[in-house]
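Please look over the chain shown here. The report covers its overall form, its strands and its aromatic pairs.

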Amino acid sequence: PVPSISWKRSDGNSLAKKIEHNKTKGVLEIPDVQQEDEGSYECIAGNIRGRNIARGQLFVYALPEWEKTIQNAFLSLYDTLFWECKAKGKPTPYYRWLKNGQPLISEERIKIENGTLIIPMLNMSDSGLYQCVAENKYDTIYANAELRVIAAAPDFSKNPVKKMSVVQVGGELTIGCKPSASPRAVINWKKGSEVLRQNKR
């Protein structure tokens, strides 16, 4: 006679409530598949002459998807670059780094560990277009960012020092000295030809 058909999970877990199964057509339907649906399933068919079991394994995969990407960086000469990118997926994605389209590898100064790139003591040649690549066997995704290393002599044009300050005797005077410079400028003060040194006043 036509067998009756039932379904179950081989691991003993009960079938999710969302799962629909047609006992007469022997069809099991799992909508909106999630990671927890992965596992072994059994189709049990039986009639008065006996029963038989067919088993199937369901594997769930996920394409790589960015959780954290890199952003453009404009840093001074001798600064440290720290970039981190993170991706989720199944199997877990692994990472590669490219600079101007060429593979970037760990060396004495450049440190690469999974989705992390660290370059201390930047020099002008470090400028370029970088890519963090995350991939598993199902897909490859890219995150792009530009690194621009800036070197500039001290410039007072944006924050000029006051030409004149008037203050009453016993008052307090503040003179700002904030030139734009890359790397950060070393600042010294003079009164006339005399080098000023810090003291109680």
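What follows goes from the whole chain down to single ring pairs.

**Overall form**

This is a predicted model. The chain has 19 strands and zero helices. How does its radius of gyration stand against that of a compact globule? A compact globule of 201 residues would come out near 17 Å, but this chain has 33 Å. Along the principal axes, the C-alpha atoms fill a box of roughly 110 × 45 × 25 Å.

Of the 201 residues, 25% are buried. The chain exposes about 15,000 Å², and carbon and sulfur atoms supply 51% of that area. Contacts also span the sequence. Among those with a separation of 6 or more, 54% join residues 24 or more positions apart.

**A three-stranded open sheet**

One open sheet has three strands, in the order β8-β13-β12, with antiparallel pairing. Its edge strands are β8 (81-84) and β12 (111-113), and each pairs on one side only. From one strand to the next, the twist averages 10°. Strands of a sheet pair through backbone hydrogen bonds, either parallel or antiparallel.

Take the contact between β8 and β13 (residues 116-119). Four bridges join these two strands in the antiparallel sense. Leu 81 stands opposite Ile 119 of β13 there.

**Strand β14 and its partners**

Is strand β14 (residues 128-136) mostly covered or mostly exposed? Mostly covered: eight of its nine residues are buried. β14 pairs with β10 (residues 94-99) through six bridges, running antiparallel. In that pairing, Tyr 95 has Ala 134 of β14 as its bridge partner.

β14 also pairs with β15 (residues 139-150), again antiparallel, through nine bridges. Tyr 130 stands opposite Ala 145 of β15. The two strands form a hairpin, with two residues between them.

The three pairings described here, each with its bridge count and one residue pair, are set out below.

| Strands | Bridges | Opposite residues |
|---|---|---|
| β8 and β13 | four, antiparallel | Leu 81 and Ile 119 |
| β10 and β14 | six, antiparallel | Tyr 95 and Ala 134 |
| β14 and β15 | nine, antiparallel | Tyr 130 and Ala 145 |

**Aromatic pairs**

How many aromatic pairs does a search of the whole structure find? It finds two. One is stacked: Tyr 61 and Tyr 138, at 3.9 Å centre to centre with 20° between the planes. This pair links distant parts of the chain, 77 residues apart. Tyr 61 sits in the loop between β5 (50-58) and β6 (62-68), while Tyr 138 sits in the loop between β14 and β15.

Why does Tyr 61 count as partly exposed? Its relative accessibility is 48%, and the class of partly exposed lies between the buried limit of 20% and the exposed limit of 50%. Tyr 138 is partly exposed too, because its relative accessible area is 36%, within those limits.

The other pair is Trp 83 with Tyr 130. Their ring centres are 5.4 Å apart and their planes meet at 65°, so the pair is edge-to-face; the cut-off for that class is over 60 degrees. This pair also links distant parts of the chain, with Trp 83 in strand β8 and Tyr 130 in strand β14, 47 residues apart. Both Trp 83 and Tyr 130 are buried.

Tyr 130 thus recurs: the residue stands opposite Ala 145 in β15 and pairs edge-to-face with Trp 83.

Methods:
Residues are numbered from 1 along each chain as its sequence is written. This is a predicted model: local features need pLDDT of at least 70, side-chain atom pairs count only at pLDDT 80 or more; totals for chains, interfaces and linings use all residues. Side-chain values use heavy atoms; hydrogens and water are left out. Two strands pair if DSSP finds at least two bridges between them. Axes are lines fitted to C-alpha atoms, for helices over the stretch in contact, and angles run from 0 to 180 degrees between N-to-C directions. Buried means under 20% relative accessible area, exposed over 50%, partly exposed in between (1.4 Å probe, protein chains only). The radius of gyration is taken over C-alpha atoms; the globule rule is 2.2 Å times the number of residues to the power 0.38. Contact means heavy atoms within 4.5 Å. Accessible areas come from the Shrake-Rupley method with a 1.4 Å probe; for residues, only the protein chains shown count as cover. Rings of Phe, Tyr and Trp (its six-membered ring) pair if their centres lie within 6.5 Å; planes under 30 degrees apart count as stacked, over 60 as edge-to-face and the rest as tilted.
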